[in-house]
Amino acid sequence: PRNQPPGAERYLSNKSDIPKAQQDALLHFQPCAPEILRQLADAPSREVRSLVAANPSVNVATLEKLLGDKEPGVRAFIATNPHTPHSILLELKHDPDKNVQWCLPGNPNWSPDEIRQMYKDKATSPSVFAKNSSTPPDILEDLSRAGDYSVRIALANNHAIPQTVVRVLAKNGDSSVKGMLTNNKATSENVLKELAHDPDPEVRRYATNSLNRMIQTKSSVEKQH
């Protein structure tokens, strides 16, 4: 299911035994009480079960239960949840659904060597590897040389990219990529200064704003010390 909250909200509106605060937390992907998640893992609503699988507080026992869910979409949410432990990711590698398999390489709980092997095997699209904060720097550098727009956008939003990739993207002619790069905490002050003189006025504005925030943060830290 691609749009979980509406369907889940309809189901939860009739569940008076689930506290409203817990319902709201589930719908907004916020931590829920483990006992509530365990209870909702049996819900007939696939949207609710998907939100349980995606919740940052879901425990191993509940994830193990959802591994047998008949809906591939629910299992795909387990695959993409950054809190899913490595042991469960290994189980999902044997999932019969191709979409679940396609999601797996994007999880940050793989080791660098495992990601390298999946990248070599072309287990998913390059943009999925570009988004993953655990993707090794050498692969991120390789991806930065690709001309694919979706890959560059994914890299520009990945806070784990090395400075070599930051500089490649900063020199990219696409202003939308450079604009996103100005909001990436991996972007150094020197690169922001360069982007503050970019030909595109929007990029210049974004870079200047980020530079000002960086200077204010530094000033605040220095005052505290």
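The exercises below, each with a worked solution, concern a predicted model.

**Exercise 1. Determine which residues of helix H11 are buried, and where they sit around its axis.**

Solution. Begin with the extent of the helix, since H11 spans residues 137-144, and within it Ile139, Leu140, Leu143 and Ser144 are buried. Next consider their directions: these residues cover an arc of only 140° around the axis, which puts them on the same side of H11. The general background is that an α-helix has 3.6 residues a turn, so residues three or four places apart point the same way. Finally, look for what covers the buried residues of H11, and the cover is found to include helix H9 (112-120), helix H10 (126-131), helix H12 (149-156) and helix H13 (163-170).

**Exercise 2. Describe the largest pocket by its volume, its lining and the kinds of residue in that lining.**

Solution. The volume of the largest pocket comes to about 190 Å³. Its lining is made by Thr80, Trp102, Cys103, Gly106, Asn107, Val128, Lys131 and Asn132. Assigning these to elements, one finds that helix H8 (98-103) and H10 are the elements that give two or more residues to the lining. Sorting the lining residues by kind then yields three nonpolar, four polar and one charged.

**Exercise 3. Decide whether Gln23 and Gln163 are buried, partly exposed or exposed, and list their contacts beyond four places in sequence.**

Solution. Gln23 has its place in helix H2 (residues 20-27). Because buried means under 20% relative accessible area, Gln23, at 10% relative accessibility, counts as buried. Once neighbours within four places in sequence are left aside, Gln23 is in contact with Leu12, Ser13, Lys15 and Ile18.

Gln163 belongs to helix H13, and with a relative accessible area of 33% Gln163 is partly exposed. With neighbours within four places in sequence again left aside, the contacts of Gln163 are Ala186, Thr187, Ser188 and Val191. As a distance check, the C-alpha atoms of Gln163 and Glu141 are separated by 9.6 Å, while the two residues are 22 residues apart along the chain.

**Exercise 4. Identify the residues with the most contacts inside the largest nonpolar core, and follow the contacts of Ile161.**

Solution. The largest nonpolar core has 60 residues, and those with the most contacts inside it are Leu26, Val52, Leu155 and Ile161. Taking Ile161 and leaving aside its neighbours within four places in sequence, one finds it in contact with Leu140, Leu155, Val166, Leu169, Leu181, Asn184 and Ala186. Among these, Leu140 is also one of the buried residues of H11, and Ala186 is also a contact of Gln163.

Terms used: Residues numbered from 1 in each chain as written. Predicted model: local features only at pLDDT ≥ 70, side-chain atom pairs only at ≥ 80, totals over all residues. Heavy atoms only, no water. Buried < 20%, exposed > 50% of the residue type's maximum accessible area, 1.4 Å probe, protein only. Helix = DSSP H or I, 4+ residues; strand = E, 2+ residues; numbered from the N terminus. Arc of directions from axis to C-beta. Contact = heavy atoms within 4.5 Å. 1 Å grid on protein atoms, 1.4 Å probe; cavity = no way out; pocket = protein on both sides within 12 Å on 5 of 7 lines; lining within 4 Å. Points joined across faces, edges and corners; volume = space filled by probe spheres on them. Nonpolar A, V, L, I, M, F, W, Y, C, P; charged D, E, K, R; others polar. Core = buried A, V, L, I, M, F, W, Y, C linked by side-chain atoms within 4.5 Å.
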